Amino acid sequence: MADGLTSVEAHLERILAAIEPLPDFPQPLMETLGLAAAEDVRSPIALPSFDNSGMDGYAVCQSDVAAATEDAPVHLPVVGEIGAGQAQLLAMSPGTAVKIMTGAPVPQGADSVVPYEWTDRGVAQVRISRAPEVGQHVRLAGEDVEEGDLLVEHGTVLGPRHLGLLASIGRAAIRSRPRPRVVILSTGSELREPGTPLGHDSIYDGNSFLLAASARRAGAIAYRVGIVPDEPRAFLDALHDQLVRADIVVTSGGVSQGDFDVVKEALTPDGVWFGGVAMQPGKPQGFGLVGDDRTPIFTLPGNPVSSYVSFETFVLPAIRKLMGKAPYSRPTVRARLTHTVQSPAGRRQFVRGEYARDGGGPYVAPVGGHGSHLIGDLASSNALIVVPEDVTSVAAGEHVQVLCLDDEF
Ligand SMILES: Nc1nc2c(c(=O)[nH]1)N[C@H]1C(S)=C(S)[C@@H](COP(=O)(O)OP(=O)(O)OC[C@H]3O[C@@H](n4cnc5c(N)ncnc54)[C@H](O)[C@@H]3O)O[C@H]1N2
Ligand code: MOO
């Protein structure tokens, strides 16, 4: 690429080549919400698993009550009662009725259920003034799920409906990959913890919250470590203390050309790659493997918008690969651009935007300026407009690719 920059694709490929999905194991259902299934699940049972009543009423043999009307009701002796979960009565004779509750097994000999509303709710004898169709209000075994049906495919991202179904077929656990543990370190002697006083030359550490929240939103467990000063020894100590609980490490700051670029200084001897990627914001990047376990580390630039865009572009796909969630990168959607945007040649630009729909379909409006310190504008955005490397200007009214930042995928 121009200026010795690495392309976004090449940097992402380098990263993904170094990341392997975490090993899967059976996890309790409620732990797996938002995780990808790491097995095909076939149903060991049918659903419903037995013929059961869809109404509170009376199980009958339809031919006994076929003639029942308001003016010529049919009377039947009530020979028993079946509640849900109580199935002592397994069979009944023609010419009788059995009280039955919703969900209770329909006894042999009955083929339909008369709802209470069509009866006098009699106890010893019931007066039936309307006839059901044959089979009416009986929910047949297997009409929903048959034994052996493939219910959840490997790779499916598990949501509430999948978990409900898995529990309904008796599964207490499903194989999935654990949530990756992401350790986040902010570097910068100018940084202060929110809630503490600010000096005239200091700023609050917004990035570790931005990145930790992004990691958690991506499904990871985020450990936000405190601020690390611009001192290589202190940085390496903090990093090595954290490696024991990290599947990946993400740092912010200290990777450009400054005199105190601590991350670059500390990690270059370990073989971590540092260089420029052809994007804006987010040009200065670093990636490598550190410690005895060769833990992947992402060293993101310190400007807040640069950090965030770098996370979206490189860390999010890595987290998703660890979790076995495809696609790794957020898909783009097309939208009409409301105002012209300019972009530098040779760099993929990510412009903050507000994505919405009107009568003309989806549109996206650029938000604020290009400055990578503008976190206020970032928070007002819900999208990034992607301007390709070879495009320097996109006119209002043209269609662009957009990343919708709050969409699940
Ligand atoms: N001579 C050059 N200077 C810079 C270049 C360059 O190519 N040549 N690149 C610029 C670009 S682009 C970026 S992006 C930044 C990246 O700088 P660093 O990663 O080294 O980050 P810092 O210098 O530590 O900080 C940059 C900026 O961000 C603020 N910051 C840092 N950490 C946080 C945090 N946790 N929360 C909120 N804000 C943070 C920091 O105060 C600085 O204002 O370098 C350019 N310079
Ligand atoms: O790349 Mo920096 O991230 O443009 O501000």
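This report describes a helix pair, an annotated domain and a sheet in a predicted model.

**Annotated domain**

According to the unreviewed UniProt entry, residues 183–321 carry the annotation "domain: MoaB/Mog". Across residues 183–321, helix accounts for 33% of the chain and strand for 29%. The C-alpha atoms at the two ends of this stretch are 17 Å apart.

**Helices α4 and α7**

Two packed helices are described by the angle between their axes and the distance between the axes. Helix α4, residues 207–217, packs with helix α7, residues 304–323, at an angle of about 25°, and their axes are 10 Å apart. Because angles under 35 degrees count as roughly parallel, α4 is roughly parallel to α7. The crossing of α4 past α7 is right-handed. The residues that meet are listed by helix below.

| Helix | Residues in the contact |
|---|---|
| α4 | N207, L210, L211, S214, A215 |
| α7 | P304, S307, Y308, F311, I319 |

Sorted by class, this contact of α4 with α7 comprises 7 nonpolar residues, 3 polar residues and no charged residues.

**The five-stranded sheet**

Strands of a sheet pair through backbone hydrogen bonds, either parallel or antiparallel. In this model, an open sheet of 5 strands follows the order β7-β4-β6-β5-β8, and its pairing is mixed. The edges are formed by β7 (112–115) and β8 (125–128); each has a single partner strand, so one side of each lacks a neighbour in the sheet. From one strand to the next, the twist averages 45°.

At the β7 edge, β4 (residues 57–60) and β7 run antiparallel and are joined by 4 bridges. Within this pair, G57 has P115 in β7 as its bridge partner.

How values were computed:
Residues are numbered from 1 along each chain as its sequence is written. Chains are lettered from A and ligands numbered from 1 in the order in which they are written. This is a predicted model: local features need pLDDT of at least 70, side-chain atom pairs count only at pLDDT 80 or more; totals for chains, interfaces and linings use all residues. Axes are lines fitted to C-alpha atoms, for helices over the stretch in contact, and angles run from 0 to 180 degrees between N-to-C directions. Angles under 35 degrees count as roughly parallel, over 145 as roughly antiparallel, 65 to 115 as roughly perpendicular and the rest as oblique. A crossing is left-handed if the near helix is turned anticlockwise from the far one by less than a right angle, and right-handed if clockwise. Two residues are in contact if their C-beta atoms, placed from the backbone, lie within 7 Å. Ala, Val, Leu, Ile, Met, Phe, Trp, Tyr, Cys and Pro count as nonpolar, Asp, Glu, Lys and Arg as charged, and the others, Gly among them, as polar. UniProt positions are given in the numbering used here, feature names are shortened, and annotations may be inferred rather than shown by experiment. Two strands pair if DSSP finds at least two bridges between them.
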